[in-house]
Amino acid sequence: MMARISASAAGGPNVLAFLDMLAWSEGTSTIKASDDGYNVLVGGELFTDYSKHPRVLVPLPRYRISSTAAGRYQYLARTWDAIVKNYGLKGRFIPEAQDLAAIKLLAGCGALPLIKAGLIPEAIAKVAPFALVLLLTACAGRSPDCAMADQLPAIPSLPSSARQEPLPSWCSGDCLKTLTEWREASRKRLSEVE
(Lines give C-alpha, C1' and ligand atoms only; values in the text may rest on other atoms or scores of the structure.)
Protein backbone atom coordinates (compact mmCIF):
# COMPACT_ATOMS: atom_id res chain seq x y z
CA MET A 1 0.00 0.00 0.00
CA MET A 2 1.68 3.19 -1.13
CA ALA A 3 0.66 6.47 -2.70
CA ARG A 4 1.99 6.89 -6.25
CA ILE A 5 3.19 10.46 -5.89
CA SER A 6 6.81 10.81 -4.74
CA ALA A 7 7.68 11.86 -1.21
CA SER A 8 9.28 15.06 -2.48
CA ALA A 9 6.23 15.98 -4.58
CA ALA A 10 3.91 15.13 -1.69
CA GLY A 11 5.81 17.19 0.86
CA GLY A 12 7.54 14.39 2.73
CA PRO A 13 7.07 10.85 3.99
CA ASN A 14 4.52 11.89 6.63
CA VAL A 15 2.21 13.07 3.86
CA LEU A 16 2.57 9.75 2.04
CA ALA A 17 1.78 7.90 5.26
CA PHE A 18 -1.29 10.08 5.81
CA LEU A 19 -2.50 9.36 2.27
CA ASP A 20 -2.05 5.64 2.93
CA MET A 21 -4.03 6.01 6.16
CA LEU A 22 -6.83 7.73 4.25
CA ALA A 23 -6.93 4.95 1.66
CA TRP A 24 -6.94 2.31 4.35
CA SER A 25 -9.75 4.05 6.24
CA GLU A 26 -11.79 4.30 3.02
CA GLY A 27 -11.27 0.57 2.55
CA THR A 28 -10.04 0.98 -1.02
CA SER A 29 -6.40 0.01 -0.66
CA THR A 30 -7.32 -3.29 0.97
CA ILE A 31 -9.21 -4.63 -2.05
CA LYS A 32 -6.77 -7.22 -3.39
CA ALA A 33 -7.79 -7.11 -7.07
CA SER A 34 -7.60 -3.31 -7.17
CA ASP A 35 -4.80 -1.03 -8.34
CA ASP A 36 -4.02 -0.17 -4.69
CA GLY A 37 -7.49 1.38 -4.44
CA TYR A 38 -7.12 3.88 -7.27
CA ASN A 39 -9.69 2.06 -9.43
CA VAL A 40 -12.36 1.30 -6.81
CA LEU A 41 -15.96 2.45 -6.99
CA VAL A 42 -17.91 2.85 -3.77
CA GLY A 43 -19.13 -0.61 -2.84
CA GLY A 44 -15.98 -2.33 -4.10
CA GLU A 45 -16.49 -2.73 -7.85
CA LEU A 46 -13.53 -1.80 -10.05
CA PHE A 47 -13.23 0.51 -13.05
CA THR A 48 -10.55 0.53 -15.77
CA ASP A 49 -10.67 3.96 -17.43
CA TYR A 50 -8.48 6.55 -15.71
CA SER A 51 -9.11 9.23 -18.37
CA LYS A 52 -11.79 10.86 -16.19
CA HIS A 53 -13.81 10.33 -13.00
CA PRO A 54 -16.00 7.28 -13.69
CA ARG A 55 -19.26 9.01 -12.63
CA VAL A 56 -21.00 5.73 -11.87
CA LEU A 57 -23.97 6.24 -9.56
CA VAL A 58 -23.81 3.19 -7.28
CA PRO A 59 -26.90 2.35 -5.23
CA LEU A 60 -26.13 1.55 -1.59
CA PRO A 61 -29.47 0.08 -0.45
CA ARG A 62 -28.32 -0.67 3.07
CA TYR A 63 -27.81 3.06 3.58
CA ARG A 64 -30.71 4.12 1.33
CA ILE A 65 -28.43 6.32 -0.78
CA SER A 66 -26.57 6.27 -4.07
CA SER A 67 -23.05 7.63 -4.50
CA THR A 68 -20.56 8.49 -7.24
CA ALA A 69 -17.58 8.02 -4.88
CA ALA A 70 -14.58 6.56 -6.69
CA GLY A 71 -10.83 6.19 -6.47
CA ARG A 72 -8.39 5.62 -3.66
CA TYR A 73 -9.83 8.49 -1.60
CA GLN A 74 -13.45 8.03 -2.78
CA TYR A 75 -13.98 11.37 -4.52
CA LEU A 76 -17.57 12.22 -5.37
CA ALA A 77 -17.97 13.32 -8.99
CA ARG A 78 -18.96 16.85 -7.91
CA THR A 79 -15.93 17.12 -5.61
CA TRP A 80 -13.61 15.96 -8.39
CA ASP A 81 -15.16 18.53 -10.76
CA ALA A 82 -14.50 21.32 -8.24
CA ILE A 83 -10.91 20.14 -7.70
CA VAL A 84 -10.25 20.08 -11.45
CA LYS A 85 -11.74 23.55 -11.90
CA ASN A 86 -10.12 25.20 -8.87
CA TYR A 87 -6.66 23.69 -9.19
CA GLY A 88 -6.28 23.52 -12.95
CA LEU A 89 -5.94 19.75 -13.13
CA LYS A 90 -6.56 18.20 -16.54
CA GLY A 91 -9.39 16.05 -15.19
CA ARG A 92 -7.68 12.71 -15.69
CA PHE A 93 -8.37 10.38 -12.76
CA ILE A 94 -4.92 8.81 -12.81
CA PRO A 95 -3.39 7.73 -9.48
CA GLU A 96 -0.96 10.65 -9.30
CA ALA A 97 -3.80 13.15 -9.84
CA GLN A 98 -5.85 11.47 -7.10
CA ASP A 99 -2.88 11.81 -4.73
CA LEU A 100 -2.23 15.43 -5.69
CA ALA A 101 -5.91 16.33 -5.25
CA ALA A 102 -5.93 14.77 -1.77
CA ILE A 103 -2.85 16.82 -0.83
CA LYS A 104 -4.48 20.01 -2.12
CA LEU A 105 -7.58 19.29 -0.04
CA LEU A 106 -5.39 18.65 3.03
CA ALA A 107 -3.63 21.97 2.44
CA GLY A 108 -6.93 23.77 1.91
CA CYS A 109 -8.20 22.85 5.37
CA GLY A 110 -4.91 23.63 7.12
CA ALA A 111 -3.91 20.04 7.89
CA LEU A 112 -0.84 19.76 5.65
CA PRO A 113 1.67 21.58 7.90
CA LEU A 114 0.49 19.48 10.85
CA ILE A 115 0.94 16.27 8.87
CA LYS A 116 4.44 17.29 7.81
CA ALA A 117 5.30 17.98 11.46
CA GLY A 118 3.99 14.55 12.52
CA LEU A 119 1.07 16.04 14.46
CA ILE A 120 -1.37 13.44 13.15
CA PRO A 121 -4.18 13.72 15.75
CA GLU A 122 -4.18 17.51 15.25
CA ALA A 123 -4.26 17.06 11.46
CA ILE A 124 -7.19 14.66 11.77
CA ALA A 125 -9.04 17.24 13.85
CA LYS A 126 -8.51 19.82 11.06
CA VAL A 127 -9.73 17.45 8.34
CA ALA A 128 -12.55 15.75 10.26
CA PRO A 129 -15.22 18.39 9.49
CA PHE A 130 -14.72 17.58 5.79
CA ALA A 131 -14.09 13.84 5.97
CA LEU A 132 -15.91 11.82 8.61
CA VAL A 133 -13.76 8.84 7.66
CA LEU A 134 -10.82 10.40 9.49
CA LEU A 135 -12.66 10.04 12.77
CA LEU A 136 -12.89 6.34 12.06
CA THR A 137 -9.20 5.63 11.63
CA ALA A 138 -7.55 3.39 14.14
CA CYS A 139 -4.13 5.00 13.84
CA ALA A 140 -5.01 8.52 15.00
CA GLY A 141 -2.54 8.38 17.87
CA ARG A 142 0.52 7.48 15.79
CA SER A 143 3.05 10.16 14.93
CA PRO A 144 5.75 9.10 12.46
CA ASP A 145 9.24 10.29 13.34
CA CYS A 146 10.21 12.45 10.42
CA ALA A 147 11.95 15.73 9.76
CA MET A 148 9.61 18.51 8.66
CA ALA A 149 9.64 18.96 4.90
CA ASP A 150 9.52 22.28 3.05
CA GLN A 151 6.09 23.85 2.81
CA LEU A 152 4.16 23.57 -0.43
CA PRO A 153 3.07 26.85 -2.03
CA ALA A 154 -0.11 28.35 -0.62
CA ILE A 155 -3.20 26.76 -2.12
CA PRO A 156 -6.58 28.51 -2.01
CA SER A 157 -9.40 26.81 -0.15
CA LEU A 158 -12.05 24.93 -2.09
CA PRO A 159 -15.47 26.60 -2.30
CA SER A 160 -18.01 25.27 0.18
CA SER A 161 -19.92 23.58 -2.68
CA ALA A 162 -16.95 21.22 -3.15
CA ARG A 163 -16.72 20.21 0.49
CA GLN A 164 -18.42 17.31 2.20
CA GLU A 165 -21.21 18.02 4.64
CA PRO A 166 -20.07 19.01 8.14
CA LEU A 167 -20.12 16.49 10.95
CA PRO A 168 -23.53 15.81 12.47
CA SER A 169 -24.24 17.83 15.62
CA TRP A 170 -24.31 14.66 17.72
CA CYS A 171 -20.71 13.85 16.88
CA SER A 172 -17.91 15.15 19.05
CA GLY A 173 -14.28 14.23 19.61
CA ASP A 174 -15.21 11.74 22.31
CA CYS A 175 -17.33 9.59 19.97
CA LEU A 176 -14.29 8.01 18.25
CA LYS A 177 -14.80 4.65 19.97
CA THR A 178 -18.46 4.45 18.95
CA LEU A 179 -17.70 5.50 15.38
CA THR A 180 -14.89 2.96 15.14
CA GLU A 181 -17.24 0.21 16.34
CA TRP A 182 -19.87 1.39 13.85
CA ARG A 183 -17.30 1.33 11.03
CA GLU A 184 -16.27 -2.23 11.83
CA ALA A 185 -19.89 -3.39 12.02
CA SER A 186 -20.63 -1.66 8.70
CA ARG A 187 -17.63 -3.26 7.01
CA LYS A 188 -18.74 -6.65 8.29
CA ARG A 189 -22.28 -6.13 6.95
CA LEU A 190 -20.94 -4.94 3.57
CA SER A 191 -18.73 -7.99 3.24
CA GLU A 192 -21.54 -10.45 3.98
CA VAL A 193 -23.04 -12.24 1.02
CA GLU A 194 -26.68 -11.31 0.56
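## Exercises on a predicted chain

The accessible surface of the chain comes to about 10400 Å², and 58% of it belongs to carbon and sulfur atoms (Shrake-Rupley method, 1.4 Å probe; for residues, only the protein chains shown count as cover). This is a predicted model: local features need pLDDT of at least 70, side-chain atom pairs count only at pLDDT 80 or more, and totals for chains, interfaces and linings use all residues. Residues are numbered from 1 along each chain as its sequence is written, and side-chain values use heavy atoms, with hydrogens and water left out.

### Exercise 1: the fold

Work out which secondary structure pattern the chain follows.

- Step 1. Apply the definition: helices (H or I, at least four residues) and strands (E, at least two) are DSSP runs, numbered from the N terminus.
- Step 2. Count the elements: seven helices and two strands.
- Step 3. Read along the sequence: α-α-β-β-α-α-α-α-α.

### Exercise 2: the core

Find the element that gives the largest share of the largest nonpolar core.

- Step 1. Define the set: buried Ala, Val, Leu, Ile, Met, Phe, Trp, Tyr and Cys residues joined through side-chain atoms within 4.5 Å. Buried means under 20% relative accessible area, exposed over 50%, partly exposed in between (1.4 Å probe, protein chains only).
- Step 2. Size the core: 41 residues, with Phe18, Leu19, Tyr73, Tyr75, Trp80 and Ile115 making the most contacts inside it.
- Step 3. List the elements that give two or more residues: α2 (13-26), β1 (58-60), α3, α4 (95-108), α5 (112-116) and α6 (120-127).
- Step 4. Pick the largest share: α2, with seven residues.

### Exercise 3: two loop residues

Decide whether Arg72 is buried or exposed, then do likewise for Gln74. Identify a polar contact of each.

- Step 1. Place them. Arg72 is in the loop between β2 (65-67) and α3 (77-87). Gln74 is found in the loop between β2 and α3.
- Step 2. Check accessibility. Arg72 counts as buried because its relative accessibility is 0%. Gln74 counts as buried because its value is 10%.
- Step 3. Look for polar contacts (pairs of N or O atoms within 3.5 Å; within protein, one must be able to donate a hydrogen and the other to accept it, and residues adjacent in sequence count only if both atoms are side-chain atoms). The side chains of Arg72 and Asp20 are joined by one of 2.8 Å. A polar side-chain atom of Gln74 lies 2.7 Å from the backbone oxygen of Gly71.
- Step 4. List the contacts (heavy atoms within 4.5 Å) of Gln74. Leaving aside neighbours within four places in sequence, these include Glu26, Thr28 and Val40.

Definitions and conventions: Contact means heavy atoms within 4.5 Å.
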